[in-house]
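Trainee: I should like to learn how the features of a structural model are read. May we work through one example together?

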Amino acid sequence: MTAEMLAAKSGLGYMIYTARLYFRIDWIFVGIITLGLLGYLSDRVMRLIGNTVLKKYGIAEK
């Protein structure tokens, strides 16, 4: 995301950076909430995949 803020012309990081320049607090919060949701969803997906793969070895989370 940091690279998007500095070098890209599109993306979530670019949107947050641009919103900061124009004092669009609502866009900044939308970007931050979206990042939080994406982080949460990716964590849940990785846990599901990890537990599925590791279950056959007997070391999955309960």
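**Reading a helical model**

Mentor: Apart from neighbours within four places in sequence, Ile28 has contacts with Ile16, Ala19 and Arg20. Please bear in mind throughout that this is a predicted model. Ile28 belongs to helix α3, and its C-alpha atom is 9.7 Å from that of Leu12, 16 residues away in sequence.

Trainee: Is Ile28 buried or exposed?

Mentor: The threshold for buried is a relative accessible area under 20%. Ile28 has 18%, so it counts as buried.

Trainee: How many helices and strands does the protein chain have?

Mentor: There are 3 helices and 0 strands, and the order from the N terminus is α-α-α.

Trainee: How should the overall dimensions be read?

Mentor: One compares the radius of gyration with that of a compact globule of 62 residues, which would be near 11 Å; the protein chain has 17 Å. The C-alpha trace spans about 55 × 25 × 10 Å along its principal axes. Two further values complete this description. Of the 62 residues, 10% count as buried. Among contacts between residues at least 6 apart in sequence, 7% join residues at least 24 apart.

Trainee: Which residues of helix α2 are buried?

Mentor: Helix α2 covers residues 12-21, and its buried residues are Gly13, Ile16, Thr18 and Ala19. These buried residues pack against α1, residues 2-7, and against α3, residues 25-55. Two of them, Ile16 and Ala19, have already appeared as contacts of Ile28.

Trainee: What can be said of Thr18 in particular?

Mentor: Thr18 lies in helix α2 and is buried, with a relative accessible area of 17%. A polar atom of the Thr18 side chain lies 2.8 Å from the backbone oxygen of Tyr14.

Trainee: On the α1 side, which residues does Met5 touch?

Mentor: Met5 is in helix α1. Leaving out residues up to four places away in sequence, Met5 touches Gly13, Tyr14, Ile16 and Tyr17. Its C-alpha atom is separated by 8.0 Å from that of Met15, 10 residues along the chain. Met5 is partly exposed, at 23% relative accessible area.

Trainee: Where is Phe23 found, and what is its phi value?

Mentor: Phe23 is found in the loop between α2 and α3. Its phi is near 55°, a positive value in a residue other than glycine. The position is just after α2.

Trainee: Is the Phe23 side chain's residue counted as buried or exposed?

Mentor: Phe23 counts as exposed, with 69% relative accessibility.

Trainee: How does one read salt bridges, and how many does a search of the whole structure find?

Mentor: The general idea is that side chains of opposite charge can pair when their charged atoms come close. In this structure, the search finds 2 salt bridges. One joins Arg24 and Asp26, with the closest N and O atoms 2.9 Å apart. The other joins Asp43 and Arg47, with a corresponding separation of 3.2 Å.

Trainee: Where do Asp43 and Arg47 lie?

Mentor: Both are in helix α3, 4 residues apart, which is about one turn of the helix.

Trainee: How accessible are the residues of these two pairs?

Mentor: In the pair formed by Arg24 and Asp26, Arg24 is partly exposed at 32% relative accessibility, and Asp26 is partly exposed at 41%. In the pair within α3, Asp43 is partly exposed at 35%, and Arg47 is partly exposed at 37%.

Trainee: Finally, how should the nonpolar part of the surface be read?

Mentor: One may begin with the total and then turn to a local patch. The protein chain exposes about 5,300 Å², of which carbon and sulfur atoms supply 69%. A nonpolar surface patch of about 700 Å² is made by Val45, Met46, Ile49, Val53, Leu54, Tyr57 and Ile59.

Trainee: Where is the place of Met46, a member of that patch?

Mentor: Met46 is in helix α3. The threshold for exposed is a relative accessible area over 50%. Met46 has 57%, so it counts as exposed.

Definitions and conventions
Residues are numbered from 1 along each chain as its sequence is written. This is a predicted model: local features need pLDDT of at least 70, side-chain atom pairs count only at pLDDT 80 or more; totals for chains, interfaces and linings use all residues. Side-chain values use heavy atoms; hydrogens and water are left out. Buried means under 20% relative accessible area, exposed over 50%, partly exposed in between (1.4 Å probe, protein chains only). Helices (H or I, at least four residues) and strands (E, at least two) are DSSP runs, numbered from the N terminus. Contact means heavy atoms within 4.5 Å. Patches are made of residues with over 30% relative accessible area and no salt bridge: like charges are joined within 9 Å, nonpolar side chains (Val, Leu, Ile, Met, Phe, Trp, Tyr) within 5 Å. Accessible areas come from the Shrake-Rupley method with a 1.4 Å probe; for residues, only the protein chains shown count as cover. A salt bridge is a side-chain nitrogen of Lys or Arg within 4 Å of a carboxyl oxygen of Asp or Glu. A polar contact is a pair of N or O atoms within 3.5 Å; within protein, one must be able to donate a hydrogen and the other to accept it, and residues adjacent in sequence count only if both atoms are side-chain atoms. The radius of gyration is taken over C-alpha atoms; the globule rule is 2.2 Å times the number of residues to the power 0.38.
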